[in-house]
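Here are some exercises to work through with the model open beside you. Try each task on your own, then follow the solution one step at a time.

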Amino acid sequence: MWKEGRLGPEQRRALAWSLIALAACLAMNAYHYSLEGAKGLYVWNRTWLFRSLILMGFVPGSVALLSFPLEKLKSKRASKICRGAAIALAAVVILLSTTLGAYLIAGPRMGSLEPARLTLISPAEGIKPLAADAAASAAPAGAASAGPAANQAAFLAGGAAGGAAQPAKAASSTNVVSSTNVVSSTNVVSSTKAAADPARPLLRLSFSSDPHWGAETSEIGARTDILAGIAEHRPDAFFMLGDTVETGSSASMWNFALSDLEAIIPKIPLRPLMGNHDALTGGQYLFKKAFFPPSLKSDSGSPYYYSIDAGAATIIVLDLPWGTENFGARQRAWLERTLKKADRTKPIIALSHSFFYASGYDDPSFDKPWYDHYQNIPAVTPLFEQYGVDLVVSGHNHYQEYLEHKGVRYAVIGTMGGILDPEPTYISPASKWRAVGVFGRLDADIYAAEVVLSYRDRNGALLHEERFGY
Ligand SMILES: [Fe+2]
């Protein structure tokens, strides 16, 4: 029985169900949006769908409240139907919320990630140029047991092709995570010989992005060719700028990626960044397990953004999987601090998954602009310009491009196998060169007074070169 100002047991039951549904829905959404990349997914994808997943929590309560004035009617049928509908809707919302929450938590943890023998760069330890020839021929016997850098020298001396089958011989026990090697500052291989020869770079870096292991649309042959080219080129560090896998919560996709990386570039110092696809539906758990185990440390304390002392260059990795959704006050303050104290006599190179200036197209499915990034440009590029960042390398768009804006050079370097993007319908005013419809990589050789950028296709053929002083 309903009386003015007082709730009967039926109304209280309907309200209780509605409140439980609201709590379940809010808890599921709070967990989702605490995950890396989730806010970007909301902004850059089917926003209406993600908005519905928030708003659904309020529907049962609204229907329950609607039943109250209906109690005043002579016939109680309408209010009864309303209360019944509120409880039924609440049950659906509770079921959906708990299922989605369980999927987000348990999904990435269901399959097991097979440990891979890789030479992961620990950001806090920096990058030591391997000076391959010098190391292979001149490293003292003691250095050969010093760690992965020496391993790489030994591996390089033995040839890249045989490396996949060779176990890591001399990793220091303190630097081993499962069976993954971690490049550490203890792995000193003198680079003074390299520095003494002006014709020889002080530091050799390679970049590629967006391999998308696990995507049916990705080109496996291109991915393998590019990795084989990296193994042959033997850079001091190879950066994969994100979207390693198509769906971050799929352990089988990560295992696919790890087994290929282990087979082709086990001794190349590797630092992967997290892309928007890697982050999908709780993928951060597997990303960290694969590429940022607990023994690795960074100056920011985050596995997603940090700086790396590369000797002849300062490398700054930013956490921008989609855009600025993860670029909060903490990351911004860290970036400003890091740029302020960076050594101006060396080039400063910033890396990110999502791009800044870029040509591109309007996404036909989601009506989003995949060019001159409307979030990243205003939020971050003023800092690049203010503190004299020399080069910014990103992925996300699946083609190659070189751009310049206010003294900062921008390179877009997708794709390492991910589906090729269409011909841009928008050309950025900052664009200087681009290659659409090619897979490839970018090499950056740092000399004493000059940086040489080499855009290469999947077979290593030179497509474009840029040189600049610093
Ligand atoms: Fe991608």
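**Exercise 1. A buried asparagine**

Which side chain does the side chain of asparagine 276 join in a polar contact of 2.9 Å? Keep in mind that this is a predicted model.

*Solution.*
- Step 1: Find asparagine 276 in the loop between β6 (270–272) and α12 (284–291).
- Step 2: Look for the partner. The side chain of histidine 353 makes the polar contact of 2.9 Å with asparagine 276.
- Step 3: Widen the view. Leaving out residues up to four places away in sequence, asparagine 276 touches Asp243, Pro321, Trp322, His353 and His396.
- Step 4: Decide between buried and exposed. Buried means under 20% relative accessible area. Asparagine 276 has a value of 2%, so asparagine 276 is buried.

**Exercise 2. Following salt bridges**

Work out which residues aspartate 443 pairs with, and where the partners sit.

*Solution.*
- Step 1: Start with arginine 441. Its side chain meets that of aspartate 443 in a salt bridge, 2.9 Å from N to O.
- Step 2: Check the surroundings of this pair. Arginine 441 has 6% relative accessibility and counts as buried. Aspartate 443, with a relative accessible area of 1%, is buried as well.
- Step 3: Turn to arginine 456. Aspartate 443 forms a salt bridge with arginine 456, and their closest N and O atoms are 2.7 Å apart.
- Step 4: Place this pair on the chain. Aspartate 443 belongs to strand β16 (residues 440–446) and arginine 456 to strand β17 (residues 450–457), so the salt bridge ties together parts that are 13 residues apart in sequence.

**Exercise 3. A pair with more access**

Are glutamate 465 and arginine 467 buried, partly exposed or exposed?

*Solution.*
- Step 1: Confirm the pair. Glutamate 465 and arginine 467 form a salt bridge, with the closest N and O atoms 3.0 Å apart.
- Step 2: Compare each value with the cut-offs. Partly exposed covers the range between buried, under 20%, and exposed, over 50%. Glutamate 465 has 37% relative accessibility, so glutamate 465 is partly exposed. Arginine 467, at 48%, is also partly exposed.
- Step 3: Look for a network. Glu219, Asp225 and Arg458 are joined into one by salt bridges that share partners.
- Step 4: Count. The total comes to six salt bridges.

**Exercise 4. Spaces in the protein**

Describe the largest pocket and the two cavities by volume and lining.

*Solution.*
- Step 1: Take the largest pocket. Its volume is about 380 Å³.
- Step 2: Look at its walls. The largest pocket has 22 lining residues, and His277, Tyr361, Trp370, His398 and Asp421 are the ones nearest its centre. Sorted by class, the lining has nine nonpolar, eight polar and five charged residues.
- Step 3: Move to the cavities. Searching the whole structure gives two of 30 Å³ or more. The largest cavity has a volume of about 60 Å³, and its lining has 11 nonpolar, one polar and one charged residues.
- Step 4: Finish with the second largest cavity, at about 50 Å³. You will recognise one of its lining residues from Exercise 1: Asn276, listed together with others including His32, Leu35 and Glu36. The lining of this cavity is made up of five nonpolar, five polar and one charged residues.

**Exercise 5. Unusual backbone spots**

Find where the backbone departs from the common pattern: most residues other than glycine have a negative phi, and most peptide bonds are trans.

*Solution.*
- Step 1: Check the peptide bond. Glycine 414 and threonine 415 are joined by a cis peptide bond, with omega about 15°. Threonine 415 is in the loop between β14 (408–413) and β15 (431–435).
- Step 2: Check phi at aspartate 210. The value is positive, near 60°. Aspartate 210 lies in the loop between β4 (203–208) and α10 (220–233), and at 0% relative accessibility aspartate 210 counts as buried.
- Step 3: Check phi at lysine 406. The value is near 50°, again positive. Lysine 406 sits in the loop between β13 (400–405) and β14, and with a relative accessible area of 64%, lysine 406 is exposed.

Note on methods
Residues numbered from 1 in each chain as written. Predicted model: local features only at pLDDT ≥ 70, side-chain atom pairs only at ≥ 80, totals over all residues. Heavy atoms only, no water. Salt bridge = Lys/Arg side-chain N within 4 Å of Asp/Glu carboxyl O. Buried < 20%, exposed > 50% of the residue type's maximum accessible area, 1.4 Å probe, protein only. Helix = DSSP H or I, 4+ residues; strand = E, 2+ residues; numbered from the N terminus. Polar contact = N/O pair within 3.5 Å; in protein donor to acceptor, adjacent residues only side chain to side chain. Contact = heavy atoms within 4.5 Å. 1 Å grid on protein atoms, 1.4 Å probe; cavity = no way out; pocket = protein on both sides within 12 Å on 5 of 7 lines; lining within 4 Å. Points joined across faces, edges and corners; volume = space filled by probe spheres on them. Nonpolar A, V, L, I, M, F, W, Y, C, P; charged D, E, K, R; others polar.
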